[in-house]
Every structure is written in C-alpha cells, then in structure tokens.
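Let's take a walk through this one together, starting at a small turn and working outwards to the way the chains meet. Keep the viewer open as you read.

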Amino acid sequence: MPVIALPTGRVRDACLDIIEGSGMPAKKLRNAGRNLVVDDGDYRYLIGKPSDIPTLVSQGLADLALVGNDVTEESGVELAELIDTGRGRCFMAIAGPPAAAERFTGHASTLMGLRVASKYGRLARRTFESWGAHVKVLHLNGSVELAPALGLVDCIFDIVQTGSTLRANGLVVLKRTAEVSLRLVANPGALQLRWEFLRDAVGAVRSFVNGG
Amino acid sequence: MDITPRGCSSIGGELAQGMEECRATAMAMFTSYGYSPFNPAELQLLEGMMKNLHRRRRGRVIALNSPFGEPCCLRADLTLSALSYMALHHAPDDFPLRLCYSERVFATPRPPRENIEDTQVGVELLGWEGIGSDVEVLAVLLSALDSLGLTESVVVLGDVSLFPALFADLPQGLALKLVELLEDGAYYEYGKTLASSDASERHKKILAELPWLKGPNEILSRAADVFGSSCLLEPLREITGSLIARGYGDRVRVDLGFIRDLGYYSGPVFNVYSSGDGSLLGGGGRYAASLADTRFSCQALGFGVSLRELALSRGARPASPRVMIWAGQTAPHRALAYAASLAEAKSPFEISWNPNDSESKDFAIKRGCAWWVNIEGDYALELPSGRPVAIPMTGGAR
C-alpha cells in the first residue's frame with residue numbers, strides 16, 4: 001500500500017484537492033478529524049506538521065509526500081523531487097523597512113553583518129552565503145514580521161503569499177529569492193524498491209496538475 | 001563523565017554484539033572467497049580525497065591537520081584507501097587483487113542523521129575487466145547477507161556508463177546539468193531542463209523515460225525498446241542473468257536512472273537494501289582504478305555496507321546460552337582449566353569469582369545465564385529453575 005505524507009496548515013486544502021483530483025481516495029481524508037493516520041482504499045495517508053514531512057519520508061515512514069519546496073530545502077533532507085504541482089504558490093523573500101532597500105541594490109559588502117530574522121535559518125544562511133555575504137541569522141518560530149519593528153533585526157527572510165502581513169507591519173519585499181510551490185517528493189529508496197506500486201499515483205498527480 | 005562528542009556514539013550491549021556477529025560472519029565469507037583483510041590508516045591526505053570524491057561528498061569531508069602539519073581528513077572513503085594501498089604495495093602482475101575490510105568512515109551527516117561515523121564491511125577487487133568480477137562481487141555480497149539471515153535483501157542495479165553513451169550527442173553543459181539533476185534526485189527539474197533543451201525529439205523521448213526505467217529485471221526489455229537497441233544494456237543483462245541463474249532472481253532490481261554519488265564509478269553500480277521495503281545497507285560498483293593516481297589503467301569494483309544497519313536489520317538474535325562458572329571457592333587455575341574446556345567447545349561462559357554461591361547464582365540469573373556450574377560440587381544448575389544436572393568434568397579441570 002503506497003503511503004503518502006500530507007502537511008497540515010496553509011496548504012492542507014490544496015493537498016486534498018490534488019489527491020482528490022488525481023483520483024486517489026480522499027473522503028476519509030477530508031473527514032480525518034484528529035486522526036493522523038488515515039487508511040483509505042489502497043492508500044495510507046500520514047498527516048503531519050509541514051516541517052516534519054521531509055523526516056517522515058526520509059525515514060521511510062512514507063513513500064511519497066506533498067510538501068512545499070521551502071520546507072524540503074530548509075530540512076536539508078535528501079529526497080527525490082518528482083513533480084511541481086504548481087499549487088500553493090508563494091515566494092521566498094527578504095523583507096524589511098523601506099529604508100533598508102538601498103542595502104540590496106549595491107555590492108554584497110553592503111549586506112555584511114546584516115541581522116536577519118527567519119524561521120528558515122538554514123535557507124537564509126545559504127541564500128546570503130551564495131551572494132558572499134555573512135549575516136547574523138536569528139531563528140524565530142513565528143511572528144517574524146515583528147522583529148524589525150522591535151529593532152531586533154534589520155530584515156526578515158520568509159515566505160510571502162499576498163504580502164498583506166508585511167504591509168500591516170510596515171515592511172516591503174526587498175529581494176525575491178525563490179519560487180515556492182507544493183512538490184510531490186519521494187523517498188529515494190522507495191523509488192528504487194517499489195516504483196511499480198508508486199507509478200500509478202505519481203502518474204495520476206502528474207496528469208492532474210498538467211490539466212489532463 | 002561523557003567523553004563522546006555529538007555525532008559519535010560508543011556502542012555496547014546487544015547492538016555491539018550484533019555488529020560483531022555481522023563483522024565476523026561477513027569477513028569469514030569474504031576471506032573464504034580469497035579477499036585478504038586490509039587495515040587502512042584512519043587519516044587520509046586531503047588533496048587525494050578532494051580530487052576523487054564527488055562534489056556532494058567533498059562538502060562532507062571532515063578535514064584536519066596531522067601532527068606533522070599535513071592537510072588531512074578523517075577517512076572519508078574506504079575504496080580510495082584500498083586502491084592507494086594496492087597501488088603502493090603491488091605491481092600489475094599481481095592482478096587480480098582482492099581486499100576486504102571492516103573499518104570506520106567519517107563524514108558530516110546529512111539531516112536528519114547526526115552520526116559522523118559509520119563502520120563498514122566491504123571488499124575491493126582490482127584488475128579484472130570481465131563481467132565475471134561484477135557477478136563475483138555481487139554474489140559475495142548476497143552470500144554474506146544470506147549467511148547473516150538477510151535472505152530477503154535486495155540489490156538494485158544501475159549502470160553509470162549509460163549516461164556518457166546516451167548523452168554523447170548533447171552539448172556538454174546540458175549533459176553535465178542533466179547528470180547533476182539525476183544525482184540530486186531532481187526529477188522534475190531534469191524533465192523541465194530536458195524539455196526546454198535543443199536536443200532532438202528522439203533524444204528527448206529516450207532521456208525523459210530514463211529515470212523512470214526502474215523495477216524488476218524485466219524492465220531491461222522495456223529499456224531496450226525505448227533505446228531502440230539492447231547493446232548498452234548488455235552488461236546489466238549479463239549480470240542480472242547470472243544472478244538469476246544463481247537463484248537470486250527475486251532479489252535483483254534495476255534502476256537505469258541511478259547514479260551513485262561517490263563520483264568515481266564508471267560502470268555497473270548498485271545499492272543494497274535489507275528487504276523489499278527495508279533500509280539501505282550500502283552499495284558499490286565498478287570504477288576506473290586510474291583514479292587516486294594509482295598508475296593502473298585497469299578496472300576495479302567493490303562495495304561497502306554499514307555494520308550498524310546490518311545488525312539493526314537482523315534484529316535481536318537469541319544469544320547462545322551462557323554458562324556461569326562459579327569459581328568463588330575454587331583455585332583460579334582449576335576454574336580457568338574448566339573455562340578453557342568450554343572455550344574449546346565454543347560454549348560461551350563467564351567466570352564468577354564471588355565467594356558467596358547464592359549471590360553468584362542470583363547474578364547468573366540476572367545475567368540471563370542458562371546454567372550455573374559448581375566445579376567443586378561436580379554439578380550444574382539449570383537456570384532460572386535451579387534444577388541440578390550432573391556435568392562431566394574435564395581432566396584439565398580436576
């Protein structure tokens with residue numbers, strides 16, 4: 001039985017739409033309540049916090065998962081990325097007070113020593129390092145937008161959907177760094193050992209997101 | 001006092017026992033096939049390591065300076081150690097050379113793992129070009145796994161020589177990019193890059209299918225249809241055919257999109273799993289012995305598997321019933337003579353020097369011993385029931 005891990009939260013509904021639209025059973029999933037393991041037809045679904053999904057897959061508890069590429073990249077876990085579903089679109093960005101914009105228009109040296117708040121510590125560090133800038137990353141688990149207003153940091157590194165939270169806190173996008181969407185990922189071992197059992201599910205998702 | 005740093009572990013108890021059983025069984029199997037034990041240095045020169053490892057592995061090497069000021073790293077790879085040893089100690093007329101090892105390797109872990117060290121058992125075979133050597137190495141691996149009771153272990157075979165052949169007509173930059181994407185498991189990006197490239201439609205069709213040609217051995221026929229020829233698939237056909245003839249048909253799979261990330265492989269490669277839904281034990285494959293500046297122009301191949309994963313995959317095994325020899329009221333030389341007779345009979349035992357027989361018995365029960373032996377009284381007690389049984393004493397113990 002293929003095991004698919006699905007995240008709670010912001011992208012939950014988009015995941016359910018993909019599952020349903022791909023012809024996989026989703027009725028019990030929609031009514032899962034507090035159940036974290038749902039057996040429906042020939043599938044088992046594991047429901048977890050988004051940041052735990054890469055671990056569930058890499059540890060072999062799930063064969064496949066729908067999860068944002070922001071989460072998989074932050075986890076650093078080795079997974080196979082099979083499909084970009086195009087759903088749950090948003091982007092990673094550096095945001096801050098408008099006055100900070102000038103620092104992002106010049107040489108990387110202007111970014112040196114910048115204080116950055118993020119719940120994506122690993123990605124933030126990697127992004128700035130790729131520009132040759134060493135920054136101080138402050139890890140926060142939520143309400144990251146608050147940090148610049150309190151003078152704790154110069155800017156934040158976070159996902160942006162509509163930008164309304166940024167605006168509400170007097171922040172603007174200073175630099176857009178990566179596109180984010182829901183991806184269908186797989187455990188590399190499961191692909192090697194059980195591809196014939198996963199092929200149909202992967203094909204169905206591909207067909208659904210390609211509009212076929 | 002804890003002197004074990006993060007990322008390292010001192011292993012004891014059942015897991016250590018299990019690992020030792022796996023090591024002894026595997027090494028006995030390897031040596032019976034003519035592989036000589038090899039004990040490599042723990043430090044390796046950094047330059048040679050960085051030159052030969054794959055980009056993904058290079059970033060995980062743990063570098064340090066030796067006390068003599070040489071830039072080194074903790075042993076990041078056993079194949080390169082073995083190859084370097086063979087190059088320095090043997091001439092080509094010694095070929096083929098066969099080495100086996102049970103040693104630690106060190107690397108910065110990839111999340112969610114935290115361990116920086118792992119003990120691997122494996123073999124290297126240098127200087128034989130034919131498919132026979134691929135089959136030999138795989139058969140040695142499967143035989144070792146069988147003798148460890150892992151009779152449902154599965155080997156997944158690929159062939160990295162397919163890529164230069166299939167990508168030959170592509171611009172070099174595109175070919176390298178596609179290989180990197182496959183190595184990273186970025187299948188979606190691979191498909192997108194391929195689709196937007198200037199490759200011919202026929203090329204695109206073949207290369208788009210390549211990562212998905214995975215499954216039981218029969219997938220090779222499908223691959224031959226996709227490629228329009230079976231020439232490129234001959235090595236894998238021969239290897240899988242031989243393994244099937246050896247009775248391993250249901251334990252061999254093929255993955256034509258599979259590239260091992262060690263960087264030096266040049267032919268058939270493989271991963272080995274504990275079962276059809278089990279954990280990755282390790283892997284190996286064929287490589288050019290010219291790497292590591294060995295001045296050898298021949299081919300070599302080998303594999304390494306994690307002892308820890310082997311032991312964990314086997315699970316807890318019932319330990320052989322152990323005998324507690326009570327020596328608390330016996331002259332040490334007599335107790336040790338009796339112990340020697342048990343050792344000769346390969347019966348595991350432990351000596352209790354506690355002068356109090358009752359405490360000694362309790363301790364034997366706590367230890368899970370099957371028998372408690374009173375040499376002076378010429379009897380043994382079956383534990384935990386305490387039922388007495390007569391024991392024959394050896395001449396040496398008397």
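Start with a glycine in chain A: G41(A) has a positive phi near 60°, and it sits in the hairpin of β2(A) and β3(A), where 2 residues lie between the strands. Bear in mind that this is a predicted model. The two arms of the hairpin are β2, residues 37-40, and β3, residues 43-48, and they pair antiparallel over 4 bridges. If you want a residue pair to click on, take V37(A), whose bridge partner in β3(A) is L46(A).

Now zoom out to chain A as a whole. The domain assignment cuts it into domain 1, made of 3-88 plus 181-209, and domain 2, which covers 90-180. Their C-alpha centres are 29 Å apart. Where the two domains touch, domain 1 of chain A contributes 7 residues and domain 2 of chain A contributes 7 residues. On the domain 1 side, helix α4 (69-75) of chain A gives the most, with 4 residues. What classes of residue make up that side of domain 1 of chain A? There are no nonpolar residues there, just 4 polar and 3 charged ones.

Next, look at where chain A meets chain B. Here 21 residues of chain A are in contact with 20 residues of chain B. On the chain A side, the elements that supply two or more residues are α3 (53-58), β5 (80-84) and α8 (188-209). Which of these gives the largest share? That would be α8(A), with 8 residues. By class, the chain A side has 9 nonpolar, 7 polar and 5 charged residues.

Cross over to chain B and you'll find three domains: domain 1 (13-160 + 213-314), domain 2 (163-207) and domain 3 (323-397). For domain 1 and domain 2 of chain B, the C-alpha centres lie 27 Å apart. Their contact takes 8 residues from domain 1 of chain B and 6 residues from domain 2 of chain B. The domain 1 side of that contact splits into 5 nonpolar, 1 polar and 2 charged residues.

Chain B also has a little sheet to look at. It is open, with 3 strands in the order β2-β4-β3 and antiparallel pairing. The edges are β2 (43-45) and β3 (63-65) of chain B, each of which pairs on one side only. On average, neighbouring strands of this sheet are turned by 45° against each other, ignoring direction.

You can trace the pairing strand by strand. β2(B) and β4(B) run antiparallel and are joined by 3 bridges, and L43(B) has L74(B) as its bridge partner in β4(B). On the other pairing, 3 bridges link β3(B) to β4, residues 71-74 of chain B, and these strands run antiparallel too. Here A63(B) has C73(B) as its bridge partner in β4(B), and N65(B) has P71(B). The hairpin of β3(B) and β4(B) has 5 residues between the strands, and within it G69(B) takes a positive phi near 85°.

Finally, the helices of chain B. Begin with α5 (131-147) and α11 (234-248), which pack at about 40° with their axes 10 Å apart. That angle is why α5(B) counts as oblique to α11(B). The crossing of α5(B) past α11(B) is right-handed. From α5(B), the contact uses I131(B), D134(B), V135(B), L138(B), A139(B) and L142(B), and these meet residues of α11(B) including P235(B), I239(B), L243(B) and R246(B). By class, the contact has 9 nonpolar, 1 polar and 3 charged residues.

α5(B) also has helix α1 (13-32) of chain B as a neighbour: their axes come within 9 Å and cross at roughly 140°. α1(B) and α5(B) are therefore oblique to each other. α1(B) passes α5(B) in a right-handed crossing. T25(B), A26(B), M29(B) and F30(B) of α1(B) make this contact with V140(B), S143(B), A144(B) and S147(B) of α5(B). Its classes come to 5 nonpolar and 3 polar residues, with no charged ones.

Conventions. Residues are numbered from 1 along each chain as its sequence is written. Chains are lettered from A and ligands numbered from 1 in the order in which they are written. This is a predicted model: local features need pLDDT of at least 70, side-chain atom pairs count only at pLDDT 80 or more; totals for chains, interfaces and linings use all residues. Ala, Val, Leu, Ile, Met, Phe, Trp, Tyr, Cys and Pro count as nonpolar, Asp, Glu, Lys and Arg as charged, and the others, Gly among them, as polar. Domain bounds come from an automatic or database domain assignment. Two strands pair if DSSP finds at least two bridges between them. Axes are lines fitted to C-alpha atoms, for helices over the stretch in contact, and angles run from 0 to 180 degrees between N-to-C directions. Angles under 35 degrees count as roughly parallel, over 145 as roughly antiparallel, 65 to 115 as roughly perpendicular and the rest as oblique. A crossing is left-handed if the near helix is turned anticlockwise from the far one by less than a right angle, and right-handed if clockwise.
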